[in-house]
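Please read the paragraphs below with the sequence and the model side by side, and look up each residue as it is named.

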Amino acid sequence: MYQTHRNICPRNCYDTCSILSTTRNGILISVEGDPLHEYTKGKLCAKALEDVKKVYSQKRIRYPMKQRGRFSGYWERISWDEALNLIAGTILRLREEYGNALPLALNKYSGNFGVLHNAMEGLFSGLGSTTRAIGSPCWSAGVDAQTYDFGTFFCSDPGDMGKSQLIWLWGVNPAWTAVHQMPLLLNAMDRGVKVVCFDTYFSATAARSSHFIQVRPGTDGLLALGFSKVIVEENLLDPDLASYSLGHEEFIQYLRRDIDLNHCAEITGVPVKTIRELAVDYAKTHPACIWAGFGLQRYTNGGQNLRAIDALGALAGHIGEPGGGVQYGQFKTWQFAGQLQGLHPKQTPESKGLLKSVPQDKENREDRLLSINNFAEQALQCSDPPVKMLWISGRNPLSQDGNLHLWKALIQKLDYIVISDLFHSMSSQAADLFLPVTTHYEHWDLHASYWHYWVGVNEPTIAPVGESRSDLQIAWAVSHKLNQLAPGSCAFPTGGEEKETLLKEVGPDMLEILGLETPEEILNGPVRARFPATAWENRRFKTPSGRFEFGSARAEASGLPAFPVYRPPLSPSEEFPLRLLTPHHATTINSQVYSSETEKEDFIFHLSPEVAERYALQTGERVLVWNKFGKLEGIVQIENRLPREAVILYQEPVKSNLPLNSLMGTPNTDMGNLSLGAPGFALNETFINLRKLN
Amino acid sequence: MTKQLGFLHNSEKCVGCQGCEMACKNEYQTDAAPRWRQVFQLREEDYSLPTRMFFSMACNHCANPECLRVCPVKAYTKREDGIVVHDHDRCIGCRLCLMACPYDRPQFNPAQKKVEKCNLCYQRIDKGEKPACVAACIPEALQLVEINEALDQRMGVLKTLPGLPSPDITQPAIRFIGPKQGKQIRRD
Ligand code: SF4
Ligand code: SF4
Ligand code: SF4
């Protein structure tokens, strides 16, 4: 018997596709896109099309397991009851020993962005004041930049780009990371709309854009300032600027005084003539849209880079213009009730959305908040009390964090490490206990996107594979066990119905933005939030002044420049003269791998012919790449149109015991504190040296 | 003349995402090794667009299918609409067709010791649906077409791409739209 169910792809990805899954006699046999979803239009990417194999993979962990010694690989199947006893016993013992729950730490992020996964935060809140990872490894600097400029973080409906007469793709590679935007871009070009792609390397998107502009890594802000300078010189400013912005005169003065186009060309690598032509084109074409990607803000000057791009958009009058704007992302559609994680009802929608790991009801609890990007370092510094138990959920920090030697040190100090995941990972090697979780085909959930405006429900399609459980079921079970062993020891619910819990997350705010009467209506299929398609359409902003803020007192108060002025990125040293860039690959999202067939035998270091010549290297030769954090071996691949001062290593699955991040420290971005409570990960500020191996 | 169904692939639109490959695997839940459809990179020397330009190829449902000609057990048949169907039950796994096909499209399944290949989703075609790979291609780079004079007259439609075997051998039912190159501004 065939049956169809609705699911949502839960990955940390722009597209957040709606899925229809088909079962035969209770077995998942195929997946396809849900045509009701007007952004993903019934199509899925290659990653989601592997889901059936992934759900039933032989490598999937189906039972709770305990490891006899960390990194030993001797895993032993145990019962859920034993696993829960181990967890609850450790929690009660540590809380007793230290007199509070701070030795208990949770490190969770985006392995599954479903709202019911916030049960983990809820469980920890139920234990008292605990230690939490906060912030984001991904986009923090840019979120803050747009918050300083616009007052909050919001973007137009991605379909709005279809109205653009000129599209600038700035450091974004939708061909690989947001493929559902490609038809719109290709159709625009068919209509004669110019698509200009700015990037540090020749991406798959650059290859099918009208123009490709190669920008030196970390200098995007200066390039935007150069464009702005031309707009000032050519008198192409938006005549209405004074009516909706703050500080434009001072900013214009800065451009006149401090920005020199020759210097700008020299630093960014874009010739003056090109800067002039592009700036004039951008200022004269209406509507013109900029889509800014995440990579350009993963620098120590990342927030400044995006603020400069925002300012460019404003000077030319493109902010609030249908088909215009500077698009980066949004979390206005994440207005879930936050009941699950015990959030305070008075929280702003923004903080309910992405600050979901930050407990806000400070009256009752004072959690110890550690930056997710410096977690190991900060956890090691905790002494009163130390961190003793760590729960890793939806994350793989031993592959994805920097300063991995600090992680090794932290592991030595921890009494107990629990990981919940689908598969073994580099992080599970360090765990004492492995809890098998369900995929999105095996539990209820609720999802919003950080790009398009659609929100939808994920239904369970099949029974959980093996003895796997959802995060919510695990959290209930742990609380149940704790209360069994010590009544009153955990305030989190000890059981319930997933579907009911989900419906409670559709509170009044969500009903309003979705235009629904009752939470149950969301069960009928994905719904688009009823926002106007264009962000900042009426040019009334959420900043303290209500205007677009070229000059931000809030930024200044945080010790940042008030204006988007040029701040250089870090420079390479003589010892480590090459920058390492690690863009996403089409087949993976960070360490989440979808296709075992694409696993590479070796790391592949992509070099420009210039770099290869400098080091006398040929394609196919083996090299050692190193810096003070670690070293990796791999194969050289020479390609045209790569940066002359950088090496590119895609985040691809490689058969290696060492993760790519062995080469990473933990440089922080300039911004991130305001909206996310911690700065972002400036991972593009990684420098290396290399030499040929014989 | 009978009808000949086939594929039209547009390298300008194809982003190399392998969605078509995976959609085929999703539809038929094939083992990992056999790739009925496969996405290839164009050669750098021909287009100087390293690792960025692709084409996607499955069985080409040729007008003169060599696979069909050499098969000793008549596992191959050609339908009225041009689809070359391989009968998995008849196949004895001798692999003569693998050697005969200029495009390496029949795929040997080592576990089953038999050959398998793209049958152009004829069951879907018979229901009036698009092939799974075509339906899945997000930028609409891959299309199901009727191969005929009118198509070959269309601007920019190519019978082959550099590096592929001559179409004269089997007259494959595939056409291409080659990449055009964006204006490149190299910093200097
Ligand atoms: S699905 Fe379409 S765009 Fe993706 S590789 Fe196949 S033909 Fe190319
Ligand atoms: S492509 Fe190969 S397998 Fe397909 S019909 Fe032609 S000769 Fe036969
Ligand atoms: S037509 Fe069907 S069988 Fe052939 S490659 Fe496409 S999906 Fe696979």
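Helices (H or I, at least four residues) and strands (E, at least two) are DSSP runs, numbered from the N terminus. With that in mind, A:Asn590 can be placed in the loop between strand 23 (588-589) and strand 24 (592-593) of chain A, and its phi is near 50 degrees, a positive value in a residue other than glycine.

This is a predicted model, in which local features need pLDDT of at least 70 and side-chain atom pairs count only at pLDDT 80 or more, while totals for chains, interfaces and linings use all residues. Residues are numbered from 1 along each chain as its sequence is written, chains are lettered from A and ligands numbered from 1 in the order in which they are written, and side-chain values use heavy atoms, with hydrogens and water left out. Chain B averages a pLDDT (the predictor's confidence in each residue, from 0 to 100) of 91, and 91% of its residues score at least 70. For the complex, the predictor gives an ipTM of 0.90 and a pTM of 0.94.

Two loops of chain A contain a cis peptide bond. One joins A:His286 and A:Pro287, with omega about -10 degrees, and A:Pro287 lies in the loop between helix 11 (272-284) and strand 12 (288-292) of chain A. The other runs from A:Asp384 to A:Pro385, with omega near 0 degrees, and A:Pro385 belongs to the loop between helix 14 (375-381) and strand 15 (389-393) of chain A.

Side chains of opposite charge can pair when their charged atoms come close. Counting as a salt bridge a side-chain nitrogen of Lys or Arg within 4 Å of a carboxyl oxygen of Asp or Glu, the total comes to 39 over all chains. One of them joins A:Glu685 and A:Arg579, whose closest N and O atoms are 2.8 Å apart. This pair links distant parts of the chain, 106 residues apart, since A:Glu685 is in the loop between helix 22 (673-676) and strand 29 (686-692) of chain A and A:Arg579 is in strand 22 (residues 578-581) of chain A.

How many residues of chain B are in contact with chain A? With contact meaning heavy atoms within 4.5 Å, 38 residues of chain B are in contact with 50 residues of chain A. Together the two chains bury about 3,800 Å², 49% of it on carbon and sulfur atoms, where buried area is the accessible area (1.4 Å probe) that two parts lose on being put together, summed over both. Two salt bridges are counted between chain B and chain A, and the side chains of B:Lys13 and A:Asp190 meet in a salt bridge at 3.6 Å, N to O. On the side of chain B that touches chain A, helix 1 (19-28), helix 6 (132-136) and strand 11 (183-185) of chain B each give two or more residues, and helix 1 of chain B gives the most, with five.

The ligands complete the picture, a residue being near a molecule if one of its heavy atoms lies within 4 Å of it. Of the 13 residues around ligand 1, B:Cys14, B:Cys17, B:Gln18, B:Cys20 and B:Cys137 come nearest. Ligand 2 is surrounded by residues including B:Cys59, B:Cys62, B:Cys67 and B:Cys101. Around ligand 3 there are 13 residues, of which B:Cys24, B:Arg37, B:Cys118, B:Cys121 and B:Cys133 come nearest, and helix 1 and helix 6 of chain B each give two or more residues to this shell.
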